[in-house]
Amino acid sequence: MPILRTDDQADSIEILKLIVETRDYYREISSVLEDGELANKLETIADKRASFIKPFENVVKDLGELPAKPDPDKTLMQVIEGELTKLFSVDAKNAILDKCLQEDEALETAVKNTKLGQKSAEYQKLLDELNENINNTKKTVHALKG
């Protein structure tokens, strides 16, 4: 494995890492919510996001890299942050949903800024599907905010 990564390799690893992190975030937040309906909707978002993990692991492997594992400490901090938001916020539901949108921003930025789609039509299709998932997630979260 080369020491220096190409932009495509770095982008694919970063996107995969953010997919896993956002999936984990939605799952963890759904597990601490008392509102069962909201928790179920966030779990559904997590499940849909999880469907992109395997395809992006394959992209990373195709580019000659190994998939990176997300930082377990970051996941723990996200859960603690969600709990604190819920505890100290007057409008906990909207504060948590705003945090969900914030978590997705990094993934959205990575997808929009990558040139990975120029490498193959298959990669572009996958990026388009992920971008659609992010947009649908944003619409769902905004609708949940009311």
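**Close-up views of a six-helix predicted model**

Figure 1. Overall make-up of the protein chain. In the protein chain, 75% of the contacts with a separation of 6 or more join residues that are 24 or more positions apart. The structure shown is a predicted model, and its secondary structure comes to 6 helices and 0 strands, so that the order of elements from the N terminus on reads α-α-α-α-α-α. Of the 146 residues in the protein chain, 42% are buried.

Figure 2. The contact of helix α2 with helix α5. Helix α2, formed by residues 36-50, and helix α5, formed by residues 92-113, have axes that come within 13 Å and cross at roughly 10°. This makes α2 roughly parallel to α5, because angles under 35 degrees are counted in that class. On the α2 side the contact is made by Leu38, Leu42 and Arg49, which meet Lys93, Leu97, Cys100, Asp104 and Leu107 of α5. Sorted by character, the residues of this contact divide into 5 nonpolar and 3 charged, with no polar residue among them.

Figure 3. The largest nonpolar core and the surroundings of Ile19. The largest nonpolar core holds 21 residues, of which Ile15, Ile19, Phe56, Leu107, Val111 and Leu130 touch the most other members. Two or more residues of this core come from each of α1 (7-32), α3 (53-62), α5 and α6 (121-145), and α1 gives the most, with 6 residues. With its neighbours within four places in sequence left aside, Ile19 is in contact with Arg49, Phe52, Ile53, Phe56, Leu107 and Leu130. Apart from the largest core lies another core, of 15 residues, which includes Tyr26, Ala39, Ala46 and Leu144.

Figure 4. Helix α6, its buried residues and its end. The 25 residues of α6 should span 36 Å at 1.5 Å a residue, and this agrees with the distance of 36 Å between its end C-alpha atoms. The buried residues of α6 are Tyr123, Leu126, Leu127, Leu130, Asn133, Ile134, Thr137, Val141 and Leu144, and the elements against which the buried residues of this helix pack are α1, α2, α3 and α5. Just after α6, Gly146 takes a positive phi of about 85°.

Figure 5. Ile134 and its contacts. Ile134 has its place in helix α6 and counts as buried because its relative accessibility is 0%, where the cut-off for a buried residue is under 20% relative accessible area. When residues up to four places away in sequence are not counted, Ile134 touches Arg49, Leu107, Glu108 and Val111. Ile134 and Ile45 stand 89 residues apart in sequence, whereas in space their C-alpha atoms are 9.5 Å apart.

Figure 6. Ile96 and Asp98 in helix α5. Ile96 is found in helix α5, and Asp98 likewise has its place in helix α5. At 1% relative accessibility Ile96 counts as buried, whereas Asp98 is partly exposed, with a relative accessible area of 36%. Ile96 and Leu33 are separated by 63 residues in sequence, and their C-alpha to C-alpha distance is 9.4 Å. For Asp98 and His142 the separation is 44 residues in sequence and 8.6 Å in space, C-alpha to C-alpha.

Figure 7. Thr44 in helix α2. Thr44 lies in helix α2 and is partly exposed, since its relative accessible area is 39% and the partly exposed class falls between the cut-offs of under 20% for buried and over 50% for exposed. Thr44 and Arg27 are 17 residues apart in sequence, and the distance between their C-alpha atoms is 8.8 Å.

Key. Residues are numbered from 1 along each chain as its sequence is written. This is a predicted model: local features need pLDDT of at least 70, side-chain atom pairs count only at pLDDT 80 or more; totals for chains, interfaces and linings use all residues. Side-chain values use heavy atoms; hydrogens and water are left out. Axes are lines fitted to C-alpha atoms, for helices over the stretch in contact, and angles run from 0 to 180 degrees between N-to-C directions. Helices (H or I, at least four residues) and strands (E, at least two) are DSSP runs, numbered from the N terminus. Angles under 35 degrees count as roughly parallel, over 145 as roughly antiparallel, 65 to 115 as roughly perpendicular and the rest as oblique. Contact means heavy atoms within 4.5 Å. Ala, Val, Leu, Ile, Met, Phe, Trp, Tyr, Cys and Pro count as nonpolar, Asp, Glu, Lys and Arg as charged, and the others, Gly among them, as polar. A nonpolar core is a set of buried Ala, Val, Leu, Ile, Met, Phe, Trp, Tyr and Cys residues joined through side-chain atoms within 4.5 Å. Buried means under 20% relative accessible area, exposed over 50%, partly exposed in between (1.4 Å probe, protein chains only). The expected span of a helix is 1.5 Å times one less than its number of residues.
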